Amino acid sequence: MFIIFTIIRIIAIFVFLLVLPGYTLLFAIRWRYKNEIEKWVLIIVFSIGLLVLNGLLLDITWEISLIPIILYNSLFILTFLIIGALGYIKNGPISIEKEIRENITPEDNAIYNAIIVSCLVGIVI
């Protein structure tokens with residue numbers, strides 16, 4: 001039973017720290033991504049960058065401990081979720097799939113392959 005709670009806790013921490021900040025930021029700025037790989041890479045990269053920035057701001061203002069990290073990340077996620085929801089209500093969903101599919105170039109494919117390779121190398125290291 002303890003192992004199940006540990007696994008659930010690890011998954012929840014992963015989602016809260018490495019998915020939600022980047023997802024809400026992309027949702028708020030209405031980023032137009034070309035495919036799902038680009039979307040998830042941007043989500044993870046933005047989340048890691050925001051965690052580093054949050055740590056720096058917490059180190060300057062407060063001490064780095066569990067409660068300020070949870071409060072600051074929760075505030076950040078809620079703020080950008082509200083901004084994104086207001087933009088969604090005002091402008092509607094982004095529907096540019098047909099336009100994007102026609103404009104994919106070989107350079108874009110090379111960039112996607114480079115992103116995938118760099119992510120795999122980062123995971124291995």
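This passage walks through the helices of a predicted model, its surface patch, its salt bridge and a few long-range contacts.

The overall layout is simple to state. The chain has six helices and zero strands, and reading along the sequence gives the pattern α-α-α-α-α-α. Of the 125 residues in the chain, buried ones make up 22%.

Starting at the N-terminal end, a nonpolar patch sits on the surface. Its members are Phe-2, Ile-3, Ile-7, Ile-11, Phe-14, Val-15 and Leu-20. Together these seven side chains' residues offer about 690 Å² of accessible area. Helix H1, spanning residues 2-18, gives the most to this patch, with six residues. Leu-20, also a patch member, lies in helix H2, which covers residues 20-29. With a relative accessibility of 30%, Leu-20 counts as partly exposed, because the partly exposed class runs between 20% and 50%.

Helix H2 also has a partner further along the chain. In general terms, two packed helices are described by the angle between their axes and the distance between the axes. For H2 and helix H4 (residues 66-91), the axes come within 8 Å and cross at roughly 30°. That makes H2 roughly parallel to H4, since angles under 35 degrees fall in that class. As for handedness, H2 passes H4 in a left-handed crossing.

Helix H3, residues 36-61, hosts the salt bridge. The count for the model comes to one, and the pair involved is Glu-36 and Lys-39, whose side chains meet at 3.8 Å, N to O. The two residues are three apart in H3, so about one helical turn separates them. Their surroundings are not alike: Glu-36 is partly exposed, with a relative accessible area of 45%, whereas Lys-39 counts as buried at 14% relative accessibility. The cut-off that matters for Lys-39 is 20%, because a residue is called buried under that value.

H3 also supplies residues to several pairings across the sequence. One involves Ile-44, which is found in H3 and is partly exposed at 28% relative accessibility. Ile-44 and the patch residue Leu-20 are 24 residues apart in sequence, yet their C-alpha atoms are 9.1 Å apart in space. Leu-20 itself belongs to H2, so this pair links H2 and H3.

A second pairing brings in H1. Leu-18 has its place in that helix and, at 22% relative accessibility, counts as partly exposed. From C-alpha to C-alpha, Leu-18 and Val-45 are 8.4 Å apart in space, with their positions 27 residues apart in sequence.

A third pairing involves Asn-54, another residue found in H3. At 5% relative accessibility, Asn-54 counts as buried. Its C-alpha atom is separated by 7.6 Å from that of Ile-69, and the two residues are 15 apart along the chain.

How values were computed: Residues are numbered from 1 along each chain as its sequence is written. This is a predicted model: local features need pLDDT of at least 70, side-chain atom pairs count only at pLDDT 80 or more; totals for chains, interfaces and linings use all residues. Side-chain values use heavy atoms; hydrogens and water are left out. Patches are made of residues with over 30% relative accessible area and no salt bridge: like charges are joined within 9 Å, nonpolar side chains (Val, Leu, Ile, Met, Phe, Trp, Tyr) within 5 Å. Accessible areas come from the Shrake-Rupley method with a 1.4 Å probe; for residues, only the protein chains shown count as cover. A salt bridge is a side-chain nitrogen of Lys or Arg within 4 Å of a carboxyl oxygen of Asp or Glu. Helices (H or I, at least four residues) and strands (E, at least two) are DSSP runs, numbered from the N terminus. Buried means under 20% relative accessible area, exposed over 50%, partly exposed in between (1.4 Å probe, protein chains only). Axes are lines fitted to C-alpha atoms, for helices over the stretch in contact, and angles run from 0 to 180 degrees between N-to-C directions. Angles under 35 degrees count as roughly parallel, over 145 as roughly antiparallel, 65 to 115 as roughly perpendicular and the rest as oblique. A crossing is left-handed if the near helix is turned anticlockwise from the far one by less than a right angle, and right-handed if clockwise.
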